[in-house]
Amino acid sequence: MIRIEHLEKHFLTKDANIHAVNDVTLEIGDGEIYGIMGYSGAGKSTLVRCINFLEIPDSGSIEISGFGKIVSEGGGLFLEKDGSRAPLSEKDLRKLRRSIGMIFQHFNLLDRSTVFDNIAYPLKYSGRSKAEIEERVDELLGLVDLKDKKKAYPSQLSGGQKQRVAIARALANSPDILLSDEATSALDPDATESILQLLKELNKKLGLTIVLITHEMAVIKSIAGKVAVMEDGKVVEEGEVYDIFSDPKQRITKKFVGTSSGLEKIEKLIENGTVLPADSDTEKLVKLTFTKDSVGEAIISKVSRNWSVDVNLVLANVDVVGENALGGIIAKISGSAENVKGALEYMSSCGVNTEVIANGGEV
C-alpha cells in the first residue's frame, strides 16, 4: 500500500514559483496497477519522483507498506514506524529506493554495456557473488523474454527490447513497487502493446504494485484498475478506470476520454451546423453511454418502437476498458416532446448515461 497525504512540492525559478504538486492525497493498494494521468506540466512526473524521493517533498507524507511513514516537515525527512519517530537516515532512504524500481520514457541504458551488464549494474554493490549476479540476470532475462539478447548492445535492440532491458534492470533488486514514467511514449503501437502486456504479466506473477505515469488514455484503459487525473499539480478526479471512462466529471477528464473514443468529432459537426436539432422540445442531440450493465441490450430499437421516436445515429464507438465493453453513441432523437422526454428517461432507467449536447440549435 502507498498512502500519500497532503503532499506539496514547489520549484523556485528565476521568474516564478511553480506549484508542481498541490495538496495531493492518494491511496494505492498492494498489487494494484494504478494510473496517474495528465498533460505536460500537470505535476504527475514530479509526484511519482516524490514516491521514491528522487524529489524531496516540501511537506506532507508518504506511507509504504512494510517500511513506515515518511514525513516531510521543516526541511527534513522523518520516519514514523511502530509508534516512534526519528530523522530518516541515508541507510533507510537507500533501503526504500531499492524496494522501488523505476522505468523511463527513454530507457536510460548504458550504450557501451551489454544487455547483461545493464541489468547487472544495480546488483554490483549488493554484496552478491559473481555467480549469484549471473543467475539473477538470467532469471530476469527469462522474465522479459530476452534470453537471446544477453550479449547484445543497446544499439542492436529495437525500442521495445530496450524497454524490456530497462524493466529487467528495474526489477534487479526484487522491488515491491515499479514506477513507470511515460515508459511507452517513445514506442510504436505494437511495442507499446507488448510492453503493457509484459507489465500486466509481471503484476500478476510477482505481485508488483505498478504506478503508471502517462498522458495516453489508451495506456490507462488497457491495464490500469484505478486512475487519478492531475491538472495544475492537483488531483481533480480519481476512481476506478471503468467508472472514469463511462462517466467523467471534470472538463480535463472529459477531454481525455473524448480523444480516446472518437466521439469528440461531434464538436466539429456542431461547429459546422451539420447536426444541430431543429427544435428544443421535439428534437435533441444526445450522447448515450452504454456501460457494462446495458451494452448488450437492444435499447435503441426498443425506444424507437415503444416511444415512437426516430433515432438517427450520428457517431458510434465501442471501447474495451479492462475486460469490459463500453459503448458510446451520438444520436439525434426526434418525436413529440412527451415521447422524446420519455425515451430519454427510459434509457436512463436502463443504465444508459444520457447527456443532451444540443437543444434546438442551442449548444
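These legends walk through one overall view and several close-ups of the structure above.

This is a predicted model, in which local features need pLDDT of at least 70 and side-chain atom pairs count only at pLDDT 80 or more, while totals for chains, interfaces and linings use all residues. Residues are numbered from 1 along each chain as its sequence is written, and side-chain values use heavy atoms, with hydrogens and water left out.

**View 1. The whole chain, with its 12 helices and 16 strands.**
Helices (H or I, at least four residues) and strands (E, at least two) are DSSP runs, numbered from the N terminus. Measuring along the principal axes, the C-alpha atoms fill a box of roughly 80 × 50 × 40 Å. Of the 363 residues in the chain, 47% are buried; here buried means under 20% relative accessible area, exposed means over 50%, and partly exposed lies in between (1.4 Å probe, protein chains only). The accessible surface comes to about 17800 Å², and carbon and sulfur atoms hold 46% of that surface. Such areas come from the Shrake-Rupley method with a 1.4 Å probe, and for residues only the protein chains shown count as cover. How much of the contact total with a separation of 6 or more comes from residues 24 or more positions apart? The share is 66%, where contact means heavy atoms within 4.5 Å.

**View 2. A patch of positive charge on the surface.**
Five names to look for here are K81, K91, R94, K95 and R98, which gather in this patch. Helix α2 (residues 90-98) gives the largest share, 4 residues. K81 belongs to strand β6 (residues 76-81) and is partly exposed, with a relative accessible area of 34%. Patches are made of residues with over 30% relative accessible area and no salt bridge, with like charges joined within 9 Å and nonpolar side chains (Val, Leu, Ile, Met, Phe, Trp, Tyr) within 5 Å. Lys and Arg count as positive and Asp and Glu as negative, while His and the chain ends are not counted. Across the chain, the mean positions of the 44 positive and 54 negative charges are 6 Å apart; each charge is placed at NZ of Lys, CZ of Arg, CG of Asp or CD of Glu.

**View 3. D181, a buried residue with no salt bridge.**
Look for D181 in strand β9 (residues 177-181). Which side chain of opposite charge is nearest to D181? That is R49, 5.8 Å away, while a salt bridge calls for a side-chain nitrogen of Lys or Arg within 4 Å of a carboxyl oxygen of Asp or Glu. Leaving aside residues up to four places away in sequence, D181 touches S45, V48, M102, I103, F104, Q105 and I213.

**View 4. The salt bridge between E182 and K44.**
The side chains of E182 and K44 meet at 3.8 Å, N to O. This pair links distant parts of the chain, 138 residues apart: E182 sits in the loop between β9 and α6 (189-206), and K44 in helix α1 (residues 44-51). Is each partner buried or exposed? E182 is buried because its relative accessible area is 10%, and K44 is buried as well, at 6%. A search of the whole structure finds 15 salt bridges.

**View 5. K221 and D319, another bridged pair.**
The closest N and O atoms of K221 and D319 are 2.7 Å apart. Here too the pair joins distant parts of the chain, with K221 in helix α7 (residues 217-223) and D319 in strand β14, 98 residues apart. K221 counts as buried at 13% relative accessibility, and D319 counts as buried at 10%.

**View 6. D247 and K249, and a network of salt bridges.**
D247 and K249 form a salt bridge whose closest N and O atoms are 2.7 Å apart. D247 is partly exposed at 34% relative accessibility, whereas K249 is exposed at 54%. Elsewhere to look for are R3, E27 and E63, joined into one network by salt bridges that share partners.

**View 7. Positive phi values at F107 and S308.**
F107 is a residue other than glycine, and its phi is near 70 degrees. You will find F107 in the loop between β8 (100-104) and α3 (115-120), where F107 counts as buried at 12% relative accessibility. S308 is not a glycine either, and its phi is positive at about 50 degrees. The loop between α11 (299-306) and β14 (310-321) holds S308, which is exposed, with a relative accessible area of 54%.
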